[in-house]
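Let's walk through this one together, element by element. Keep the viewer open and follow along as we go.

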Amino acid sequence: MSNTKSSNQAAVPEAKGALDRFKFEVANELGVPLTDGYNGNLTSKQNGSVGGYMVKKMIEAQERQMSSGSQGGQQY
């Protein structure tokens, strides 16, 4: 058994609540029955689709912010 600490931690701890809400929003959009707490009944495909779609949406939002910022306007 390894004595190393898990690296599964938020880079910005203050964002944990927002990321959890986002995760449940995405799971709901995809029809994945995510619950608060244990989700061992879900398949790897279901869990992966939630995480993958979260990343896709975050990249899209960042690209929109970057493209609007390059034209002189910033959106918050």
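Start with helix 2: its 26 residues reach 37 Å from the first C-alpha to the last, close to the 38 Å you'd expect at 1.5 Å a residue. Bear in mind that this is a predicted model. Helix 2 has buried residues too, namely Val-50, Met-54 and Ser-68. What sits over them? Part of the cover for the buried residues of helix 2 comes from helix 1.

Now swing over to helix 1, which runs over residues 16–30. Do the same check on its length: at 1.5 Å a residue, its 15 residues should span 21 Å, and the end C-alpha atoms are indeed 21 Å apart, so the two agree. Phe-22, Val-26 and Ala-27 are the ones to look for here, as they are buried in helix 1. They cover an arc of only 135° around the axis, which puts them on the same side of helix 1. Flip to the other side of the helix and you'll find Arg-21 and Asn-28, both exposed. The cover over the buried residues of helix 1 includes helix 2, residues 44–69. Just after helix 1 comes Gly-31, with a positive phi near 75°.

Let's zoom out for a moment. The protein has two helices and zero strands. Of its 76 residues, 13% count as buried. Among contacts with a separation of 6 or more, 41% are between residues 24 or more positions apart. The accessible surface comes to about 6400 Å², and carbon and sulfur atoms own 53% of that.

On that surface, there's a nonpolar patch made of Leu-19, Val-55, Met-58 and Ile-59, with about 320 Å² of accessible area together. Which helix gives the most to the patch? Helix 2 does, with three residues. Leu-19, on the other hand, is found in helix 1. With a relative accessible area of 34%, Leu-19 counts as partly exposed because that value falls between the 20% and 50% cut-offs.

Next, the charges. Side chains of opposite charge can pair when their charged atoms come close. A search of the whole structure turns up four salt bridges. One of them joins Lys-23 to Asp-20, with the closest N and O atoms 3.8 Å apart. Both residues lie in helix 1, three residues apart, which is about one turn of the helix. An α-helix has 3.6 residues a turn, so residues three or four places apart point the same way. Lys-23 is partly exposed at 31% relative accessible area, and Asp-20 is partly exposed as well, at 27%.

Other pairs run between the helices. The side chains of Glu-25 and Lys-57 meet in a salt bridge, at 3.9 Å from N to O. Glu-25 lies in helix 1 and Lys-57 in helix 2, so this pair ties together parts that are 32 residues apart in sequence. Glu-25 is partly exposed, with a relative accessible area of 42%, and Lys-57 is partly exposed at 21%.

Lys-57 also meets Glu-29 in a salt bridge, this time at 3.1 Å from N to O. That pair again links distant parts of the chain, with Lys-57 in helix 2 and Glu-29 in helix 1, 28 residues apart. Glu-29 counts as partly exposed, at 45% relative accessibility. Finally, salt bridges that share partners join Lys-16, Asp-20 and Lys-23 into one network.

Conventions: Residues are numbered from 1 along each chain as its sequence is written. This is a predicted model: local features need pLDDT of at least 70, side-chain atom pairs count only at pLDDT 80 or more; totals for chains, interfaces and linings use all residues. Side-chain values use heavy atoms; hydrogens and water are left out. Helices (H or I, at least four residues) and strands (E, at least two) are DSSP runs, numbered from the N terminus. The expected span of a helix is 1.5 Å times one less than its number of residues. Buried means under 20% relative accessible area, exposed over 50%, partly exposed in between (1.4 Å probe, protein chains only). The arc is that of the directions from the helix axis to the C-beta atoms. Contact means heavy atoms within 4.5 Å. Accessible areas come from the Shrake-Rupley method with a 1.4 Å probe; for residues, only the protein chains shown count as cover. Patches are made of residues with over 30% relative accessible area and no salt bridge: like charges are joined within 9 Å, nonpolar side chains (Val, Leu, Ile, Met, Phe, Trp, Tyr) within 5 Å.
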